[in-house]
Amino acid sequence: MWRTYSEYLKKKYNKKVFRVGLDAGFSCPNRTKERLGGCAFCDGTGSVAVYQRKGEGGFHHDSDYNKEVAENRSCYDLSIKEQIEKGKEFLIRRYKAEAFSLYFQSFTNTYGSVDQLKRIYDDALSYGPFVSLIISTRPDEIDDDKLALIKSYEKNGLDVEIELGLQSANNRTLEYINRGHSAECYIEAAKKIKEYGIFLSTHVILGLPGENSDDFIKTADVVNLYSDAVKIHNLQITGGTRLQKEWEEGKIKLLSLDEYLDAVSLFIAHLRDDVVIQRLISETPSHRLIEPRDFPDKSKFINMLKKRMEERDEREGKYYKKG
């Protein structure tokens, strides 16, 4: 029905591989004063793994929204080494992990000089072994020198991957959510990444304010240009964001669960059939989540999506037209 990430990893490594998510202390160019504090949906936590967040271990999937925790921008005070050790221990205990990818997850992980990046990457990799190096970043923080550095780690036997935030191919939407770059900027960066032969994953959000099925298809078309993989998220309202204020004022509407199932099904059917689907739904911890509160967990959502696509006779690549 679609090419899953778990199947991709199993075929590539023949073992259970999991990501160790890090906050390496990077910031984001879009959170500077000139850019007015970052993307409208960003809560300032940098999307770091929940198991790495200090003081949040007692919450669970059905926990109530907690304003104090949601608006606390301090994640933790663990070193890179301590984060890796903690992450590995958690992933082995919870998922029986057999191997690990080093995942620079939080904020913009190419936001710095090449010398600074090399020092940070090298330090983290010294606490391996790892099978791959994964770097999450923005289109406007990609250049030849940074790509050459990332590519160089393949000489050490590592696979390398870049995750690039697009969110939408509609420039009006990107301006509205204050992304700080255009769809054309993303396309240029994605093309350059593929010229270096680096695996590329793209982040998208379905259900951004004012968007409809035509926008979802347009975004799928852009993902199809260069991406090897995609992470699909539903729009969520988290504490301390600009979107929280606009949602409370009734200026924006979120997709219902039924509408989001339709959107994901349509989006996947317009992708190339070889694009790896790494994520299908946002997983913001409930204690930082304002809305929606009625979406199921990941496994239940996947079962619902499979049923929806079966009912509609849809599959990945069904509507994709090359060129």
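**View 1. Lys12 and its salt bridge to Asp159 in the predicted model.** At 41% relative accessibility, Lys12 counts as partly exposed, and in this predicted model its side chain meets that of Asp159 in a salt bridge with an N to O distance of 3.8 Å. The pair links distant parts of the chain, since Lys12 belongs to helix H1 whereas Asp159 belongs to strand E5 (residues 159-167), and the two positions lie 147 residues apart in the numbering sense of being that far apart. Asp159 is likewise partly exposed, with a relative accessible area of 29%.

**View 2. Ser6 in helix H1.** Helix H1 spans residues 5-13 and includes Ser6. With a relative accessible area of 52%, Ser6 is classed as exposed, because the class begins over 50%. Computed along the sequence, Ser6 and Val17 are 11 residues apart, while their C-alpha atoms are 8.7 Å apart in space.**View 3. Strand E7 and the strands beside it.** Strand E7 (residues 229-234) is mostly covered, 6 of its 6 residues being buried. Both of its faces are covered, with Ala229, Lys231 and His233 buried on one side and Val230, Ile232 and Asn234 buried on the other. Strand E6 (residues 199-206) runs parallel to E7 and is joined to it by 6 bridges, and within this pairing His203 stands opposite Lys231. Between these two strands the chain passes through helix H8 (residues 213-226), and the resulting β-α-β crossover from E6 to E7 is right-handed. Strand E9 (residues 276-279) also runs parallel to E7, to which it is joined by 3 bridges, and here Lys231 stands opposite Arg279.

**View 4. Salt bridges that involve Lys231 and Arg279.** Lys231, a buried residue of E7, is linked with Arg19, Glu161 and Glu163 in a network of salt bridges. Arg279, which stands opposite Lys231 in the strand pairing, forms a salt bridge with Glu283, the closest N and O atoms being 3.9 Å apart. Arg279 counts as partly exposed at 27% relative accessibility, and Glu283 is partly exposed as well, with a relative accessible area of 44%.

**View 5. The surroundings of Ser201.** Ser201 is found in strand E6 and, at 0% relative accessibility, counts as buried. Its side chain makes a polar contact with the side chain of Gln278, at a distance of 2.5 Å. When neighbours within four places in sequence are left aside, the residues in contact with Ser201 are Glu161, Ile162, Glu163, Leu164, Ala229, Val230, Lys231 and Gln278. Among these contacts, Glu161, Glu163 and Lys231 are also members of the salt-bridge network that includes Arg19.

**View 6. Helix H8 and its cover.** The buried residues of H8 are Asp215, Phe216, Thr219, Ala220, Val222, Val223 and Asn224. An α-helix has 3.6 residues a turn, so residues three or four places apart point the same way. The cover over the buried residues of H8 includes E5, H7, E6, E7 and helix H10 (257-269). At the N-terminal end, H8 is capped by Asn212, a side-chain oxygen of which lies 3.0 Å from the backbone nitrogen of Asp214.

**View 7. The salt bridge between Asp228 and Lys194.** Asp228 forms a salt bridge with Lys194, and the closest N and O atoms of the pair are 2.6 Å apart. Asp228 lies in the loop between H8 and E7, whereas Lys194 lies in helix H7 (residues 183-195), so the salt bridge ties together parts that are 34 residues apart in sequence. Lys194 counts as partly exposed, at 26% relative accessibility.

**View 8. The chain as a setting for the close-ups.** The chain contains 11 helices and 10 strands, and buried residues make up 53% of its 323 residues. Of the contacts with a separation of 6 or more, 83% are accounted for by residues 24 or more positions apart. The accessible surface of the chain comes to about 15400 Å², with 47% of that area belonging to carbon and sulfur atoms. The count of salt bridges comes to 21, including the one between Asp159 and Lys12 and the one between Asp228 and Lys194.

Methods
Residues numbered from 1 in each chain as written. Predicted model: local features only at pLDDT ≥ 70, side-chain atom pairs only at ≥ 80, totals over all residues. Heavy atoms only, no water. Buried < 20%, exposed > 50% of the residue type's maximum accessible area, 1.4 Å probe, protein only. Helix = DSSP H or I, 4+ residues; strand = E, 2+ residues; numbered from the N terminus. Pairing = 2+ DSSP bridges. Right-handed = clockwise from strand over helix to strand, strands pointing away. Contact = heavy atoms within 4.5 Å. Areas by Shrake-Rupley, 256 points an atom, 1.4 Å probe, with all protein chains shown as cover. Salt bridge = Lys/Arg side-chain N within 4 Å of Asp/Glu carboxyl O. Polar contact = N/O pair within 3.5 Å; in protein donor to acceptor, adjacent residues only side chain to side chain.
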